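Okay, thanks for having me. I'd like to walk you through a fold I've been looking at, so let's get it up on the screen.

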Amino acid sequence: MKYYMGMDHGTTAVSFQLIDENKDEVAYFSLNRDKLSNDEVNFKDSLCEYVKPNDINLLAMTYAMGDNINKITSIKNVENKGIKSINGAGRVTGGGSKVYDEILSLNIPSVLIPGLHRNSTFMDDKFRACYSHCASSEKVSLTYYAYKKTGWKNMIIADISSNTVSILVEDSKIRGAIDACVGAMGFIHGPIDLEMIRDIDEGRRSANECFSHAGISKIARVNSKVTNTKDIIIEKALNNDNNAKLAIESLIMSVVMEIYGLYGISNNRIDGIILTGSGGCMRKPIDISGQITKKIEKLAPVKVLTSKSGAIGSSLIAYDIYKNRKENIMGIEVDYDY
């Protein structure tokens, strides 16, 4: 049996989905970034619990911002891991880079998925003119999963977790997206406001430090490890901490504003709206997805996916490139050496 694999290079963990020739799930596993960086876990050992590396036909990878490529590209043709720089990427642990290097050393046939940025010729020119960076590469993956799951050709996707990024799809192509540093707040990352600009100018904090504390964690007054932040905020809110409750309400408000913004500039009638990510999928102990849905369902039908959307979407990209010889994914050209 041969397999297809997807990777989601997330903020708190690097996650993987394995599917078989029938697109059935074989395994899903997630590697904590802190444990990766401290060598407590590694990709090879985790993978070998399920399949042998040489049984994988193709792995579709995401890594960081993906801003040095604009096609889905064979990994052997990629320079500098497909990024211009690691600077300005939020909190850096080094765990994702170790996974990338392991995959290279194992000689697993792989493609690297690009992010959405100024050189993404498949995007609308206005998004490219406005923003140097719109979204990291795993947003392409979760968009593909949403498309395959719903069949919606025109949709808005809000991925809400450590950061929030929303994507606009029209005519089955990614038109543009709003990145965490300019749009809605996530649990950790968010837009840099006037107070933070002053902090940067006056040397109190770097821009990256501000970005990494601009999410609702600043409202909840939580300054913890990336992997713990969301859980601490939720726990405080459940214990009726006013700052934490205000933080959750502010998250919902900013996400709703972002969705309405993309709806307002869409050229086509929107078929539906997708919520995903650990925050977007959350029903319990706080119904974040339900509260957002109530505010946006007048625009279009709302569907809540899984927090595994990025990894699943990557595995489907790998499958369709290898099995179906797909030359285009959501408007993005595929450059793979068969």
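Let me start with a question: how many bridges join strand E9 to E12, and do the two run parallel or antiparallel? There are 5 bridges between E9, residues 155–160, and E12, and the two strands run parallel. One pair to look for is alanine 158, which stands opposite leucine 275 in E12. Before I go on, please keep in mind that this is a predicted model.

So, the overall picture. We have 13 helices and 15 strands in this protein. The C-alpha atoms fill a box of roughly 55 × 50 × 40 Å along the principal axes. For 338 residues, a compact globule would have a radius of gyration near 20 Å, and the protein comes in at 19 Å, so that agrees. Buried residues make up 55% of the 338. And if you take contacts with a separation of 6 or more, 65% of them are between residues 24 or more positions apart.

Back to E9 and E12, because they belong to a sheet... well, let me put that plainly. It's an open sheet of 5 strands, in the order E11-E10-E9-E12-E13, with mixed pairing. E11, residues 173–178, and E13 are at the edges with a single partner strand each, so one side of each has no neighbour in the sheet. From one strand to the next, the twist averages 20°.

Now zoom in on E12, residues 272–276. Are its residues buried or exposed? All 5 of its 5 residues are buried. Both faces are covered, with Gly272, Ile274 and Thr276 on one side and Ile273 and Leu275 on the other. That fits a general pattern: in a regular strand, side chains alternate between the two faces of the sheet. On to the next neighbour: E12 is joined to E13, residues 302–304, by 3 bridges, and these two run parallel as well. There, isoleucine 274 has lysine 303 as its bridge partner.

E9 also pairs with E10, residues 164–170, through 6 bridges, and this time the strands are antiparallel. Isoleucine 156 stands opposite leucine 168 there.

What packs on this sheet? One helix is H10, which touches E9, E10, E11 and E12, with its direction at about 20° to that of E10. Another is H5, residues 138–150, which lies across E9, E10, E11, E12 and E13 and runs at about 130° to E9.

H10 deserves a minute. It covers residues 242–265, and at 1.5 Å a residue its 24 residues should span 34 Å; the end C-alpha atoms are 35 Å apart, so that agrees. Its buried residues include Ala244, Ile248, Leu251, Val255 and Leu262. At the N-terminal end, aspartate 241 acts as a cap, with a side-chain oxygen 3.1 Å from the backbone nitrogen of asparagine 243.

Last stop: another open sheet, with 8 strands in the order E3-E2-E1-E4-E6-E5-E15-E14 and mixed pairing. E3 (25–32) and E14 (328–329) are the edge strands, each with a single partner, so one side of each is left without a neighbour in the sheet. Within it, E1, residues 3–9, pairs with E2, residues 13–19, in the antiparallel sense over 6 bridges. Methionine 5 has leucine 18 as its partner in E2. Finally, helix H13, residues 309–324, lies across strands including E1, E4 and E15, at about 140° to E1.

Note on methods: Residues numbered from 1 in each chain as written. Predicted model: local features only at pLDDT ≥ 70, side-chain atom pairs only at ≥ 80, totals over all residues. Heavy atoms only, no water. Buried < 20%, exposed > 50% of the residue type's maximum accessible area, 1.4 Å probe, protein only. Helix = DSSP H or I, 4+ residues; strand = E, 2+ residues; numbered from the N terminus. Pairing = 2+ DSSP bridges. Expected span 1.5 Å × (residues − 1). Polar contact = N/O pair within 3.5 Å; in protein donor to acceptor, adjacent residues only side chain to side chain. Contact = heavy atoms within 4.5 Å. Axes fitted to C-alpha atoms, helices over the stretch in contact; angles between N-to-C directions. Rg over C-alpha atoms; globule rule 2.2 N^0.38 Å.
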